Amino acid sequence: MEDCIFCRIANREVGSEIVDERPNAIAFKDINPKAPVHILVIPKEHIASLDDLGRDECEVLRDIFSLASDIAVSEGIAQSGYRVVLNIGEEAGQEVDHLHFHLLGGRFMEWPPG
Ligand code: AMP
Ligand code: ZN
């Protein structure tokens with residue numbers, strides 16, 4: 001998608017702090033971090049939301065979650081704990097229509113989220 005900012009980041013058409021990648025997923029630092037560690041993990045292909053994820057896209061999900069787990073280790077938050085958040089739709093606060101998982105850590109998290 002030409003006008004999708006996360007597609008452009010995945011294609012390296014716009015600058016971002018890329019942390020790591022897999023064949024089907026890429027991770028980069030959130031531009032407006034909400035925690036000491038705040039990294040976004042996205043599919044490289046444009047998938048607008050969870051509702052648009054095909055039922056057989058196991059490889060995409062495997063790459064996303066293995067990437068998130070490995071980055072939690074490399075960022076030093078695997079032991080202390082971290083959160084993986086997916087906002088879907090307006091009431092959940094989804095602002096960018098390209099599926100993205102927030103990897104948050106490095107501080108104490110409240111529950112439930114606001
Ligand atoms: P959401 O509200 O779940 O859609 O989250 C969108 C996230 O994308 C927010 O945390 C933004 O700070 C982040 N964001 C938006 N544009 C960029 C960008 N160009 N580079 C990195 N993060 C971004
Ligand atoms: Zn996109």
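H46 is partly exposed, at a relative accessible area of 25%. On this scale buried means under 20% relative accessible area, exposed means over 50%, and partly exposed is in between (1.4 Å probe, protein chains only). A word on the basis: this is a predicted model, where local features need pLDDT of at least 70, side-chain atom pairs count only at pLDDT 80 or more, and totals for chains, interfaces and linings use all residues. Residues are numbered from 1 along each chain as its sequence is written, chains are lettered from A and ligands numbered from 1 in the order in which they are written, and side-chain values use heavy atoms, with hydrogens and water left out.

**The zinc site**

H46 is one of the protein donors of the zinc ion (ligand 2): C4 and C7 bind through SG, H46 and H98 through ND1, at 2.1 to 2.3 Å. Donors here are N, O and S atoms within 2.8 Å of the metal (3.2 Å for Na, K and Ca); water is not among the atoms, so sites may look incomplete. Along the chain the donors are spaced C-x2-C-x38-H-x51-H. C4 sits in the segment before α1 (5-10) and H46 in the loop between β3 (37-43) and α2 (58-74), so this pair, 42 residues apart, links distant parts of the chain. Helices (H or I, at least four residues) and strands (E, at least two) are DSSP runs, numbered from the N terminus.

Why is the arrangement around the zinc ion (ligand 2) called tetrahedral? The four donor atoms subtend angles of 105 to 117°, and four donors count as tetrahedral if all angles lie between 85 and 135 degrees.

Here is how some of the cysteines compare with H46 and R12 in accessibility:

| Residue | Relative accessible area | Class |
|---|---|---|
| C4 | 7% | buried |
| C7 | 4% | buried |
| H46 | 25% | partly exposed |
| R12 | 48% | partly exposed |
| C58 | 52% | exposed |

As for disulfides (cysteine sulfur atoms within 2.5 Å of each other), the count comes to zero.

**Strand β3 and its neighbours**

Seven of the seven residues of β3 are buried, so the strand is largely enclosed by the rest of the structure. V37, I39, V41 and P43 point one way, and H38, L40 and I42 the other. That fits a general pattern: in a regular strand the side chains alternate between the two faces of the sheet.

β3 pairs antiparallel with β2 (residues 25-29) over five bridges, and five bridges also join β3 to β5 (residues 101-105), again antiparallel. Pairing takes at least two DSSP bridges between the strands. L40 is bridged on both sides: F28 is its partner in β2, and H102 its partner in β5.

**The cores**

A nonpolar core is a set of buried Ala, Val, Leu, Ile, Met, Phe, Trp, Tyr and Cys residues joined through side-chain atoms within 4.5 Å. The largest one has 17 residues, and A27, I39, V41, I64, L67 and I71 touch the most other members. β2, β3, α2 and β5 each supply at least two residues, with α2 giving the most, six. A second, separate core of nine residues includes F6, I26, L40 and I42.

**Backbone oddities**

Most residues other than glycine have a negative phi, and most peptide bonds are trans. R12, in the loop between α1 and β1 (18-22), has a positive phi of about 60°. The W111 to P112 peptide bond is cis, with omega near 0°, and P112 lies in the segment after β5.

Notes: Tetrahedral: all angles 85-135°; square planar, octahedral: opposite > 155°, others 65-115°.
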